[in-house]
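Colleague: I would like a close look at a single part of this protein, explained slowly enough for a first-year student. Could you choose one residue and follow what surrounds it?

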Amino acid sequence: MTEPCPKCDGMGMVVVLKDDGRRIAERCDCRFERRRLSLLGRAGIPKRYEHCALETYALFPQADSSLRAAYMMAQRFVGDYPLGTDGRGLLLTGSIGVGKTHLSVGMLQALITEKGVRGLFCDYRELLKEIQHSYNPQVATTELDILRPVFEAEVLVLDELGASKPTEWVWDTVAHILNTRYNDKRTTIITTNYPDAAPGGAGGAATGAQRAMREESLGDRIGERMRSRLAEMCVTIEMRGDDFRQKAGRARFA
């Protein structure tokens with residue numbers, strides 16, 4: 001059983017003596033802490049990423065300059081939200097293991113804890129699987145039940161956009177999500193392993209490593225119409241570098 005707050009004895013209010021001698025009731029700090037924990041609990045951040053914060057994003061001296069630029073942009077984005085961002089989000093592109101998910105979760109956690117934002121983390125592939133599962137007549141959950149929190153989240157992190165095989169249904173679903181959030185001016189932070197280029201190849205903006213690993217672009221995976229929509233919704237940040245998980249993040253036994 002949780003111990004009651006020593007300041008307010010669990011009442012949520014404290015009596016404060018003002019300079020003019022008046023005593024007034026104010027909200028106890030514990031109410032803000034409970035709200036913070038509640039918002040974090042409802043954000044759906046996987047346990048694997050719960051440690052991800054802007055403060056723990058590793059920047060090594062030899063790291064590509066684009067990673068430092070991305071980190072600084074992430075900090076500025078949190079500081080400027082919401083007036084300075086005006087509903088615009090971020091699109092983090094780059095190869096596997098450069099820290100796109102870490103930065104996006106770090107921003108989400110900072111927005112929740114510092115600004116009381118109602119945020120939500122969604123894995124793109126898992127979201128599509130949940131929607132497809134809802135079509136089973138034996139399942140009580142409907143497509144709208146799944147999509148409602150995605151539509152209504154003040155800030156949505158959509159991780160690994162384009163990771164599922166593109167089909168007409170996938171394109172329509174992505175269009176439904178992005179257009180709804182665009183029309184409502186809700187902030188979306190997106191990560192993708194695919195270069196932000198039109199269908200037909202990675203294009204000149206991609207690195208040699210990206211072209212070697214995959215020939216497809218984000219336009220191939222979600223359609224050019226939706227890639228164009230993202231250009232209106234999000235500021236693109238390209239992150240370049242080696243796979244951190246293959247180096248410092250490699251699994252080891254103690």
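Modeller: What follows begins with the whole chain and then turns to one residue, the strands around it and a helix close by in the account.

This is a predicted model, and its average pLDDT is 86, with 82% of the residues scoring at least 70. Over residues 202–206, however, the pLDDT is below 50, although this stretch still has 10 contacts in the model beyond near neighbours in sequence. The protein has 9 helices and 7 strands, and buried residues make up 43% of its 254 residues. Among the contacts with a separation of 6 or more, 72% are between residues 24 or more positions apart, and the residue chosen here gives an example of partners that are distant in sequence.

That residue is Asp 159, which has its place in strand S5, residues 155–159. Asp 159 counts as buried because its relative accessibility is 2%, and the cut-off for buried is under 20%. Leaving aside neighbours within four places in sequence, Asp 159 is in contact with Thr 101, Phe 121, Cys 122, Asp 123, Tyr 124 and Thr 191. With one of these, Thr 191, there is a polar contact from side chain to side chain, at 2.5 Å. Asp 159 can also be compared with Leu 92, since the two are 67 residues apart in sequence and their C-alpha atoms are 9.5 Å apart in space.

The next step is the neighbouring strand. Strand S4, residues 119–123, runs parallel to S5, and 5 bridges join the two. Within this pairing, Phe 121 stands opposite Val 157 in S5. S4 is itself mostly covered, with 4 of its 5 residues buried.

S5 also helps to cover a helix, H6, whose buried residues are covered by elements including helix H4 (124–133), helix H5 (143–152), S5, strand S6 (187–192) and helix H9 (224–233). Those buried residues of H6 are Val 170, Thr 173, Val 174, Ala 175, Ile 177, Leu 178, Asn 179, Thr 180 and Arg 181. The length of H6 can be checked as well: at 1.5 Å a residue, its 16 residues, 168–183, should span 22 Å, and the end C-alpha atoms are 22 Å apart, so the expected and modelled values agree. Just after H6, Lys 185 takes a positive phi of about 55°.

Key: Residues are numbered from 1 along each chain as its sequence is written. This is a predicted model: local features need pLDDT of at least 70, side-chain atom pairs count only at pLDDT 80 or more; totals for chains, interfaces and linings use all residues. Side-chain values use heavy atoms; hydrogens and water are left out. Buried means under 20% relative accessible area, exposed over 50%, partly exposed in between (1.4 Å probe, protein chains only). Contact means heavy atoms within 4.5 Å. pLDDT is the predictor's confidence in each residue, from 0 to 100. A polar contact is a pair of N or O atoms within 3.5 Å; within protein, one must be able to donate a hydrogen and the other to accept it, and residues adjacent in sequence count only if both atoms are side-chain atoms. The expected span of a helix is 1.5 Å times one less than its number of residues. Two strands pair if DSSP finds at least two bridges between them.
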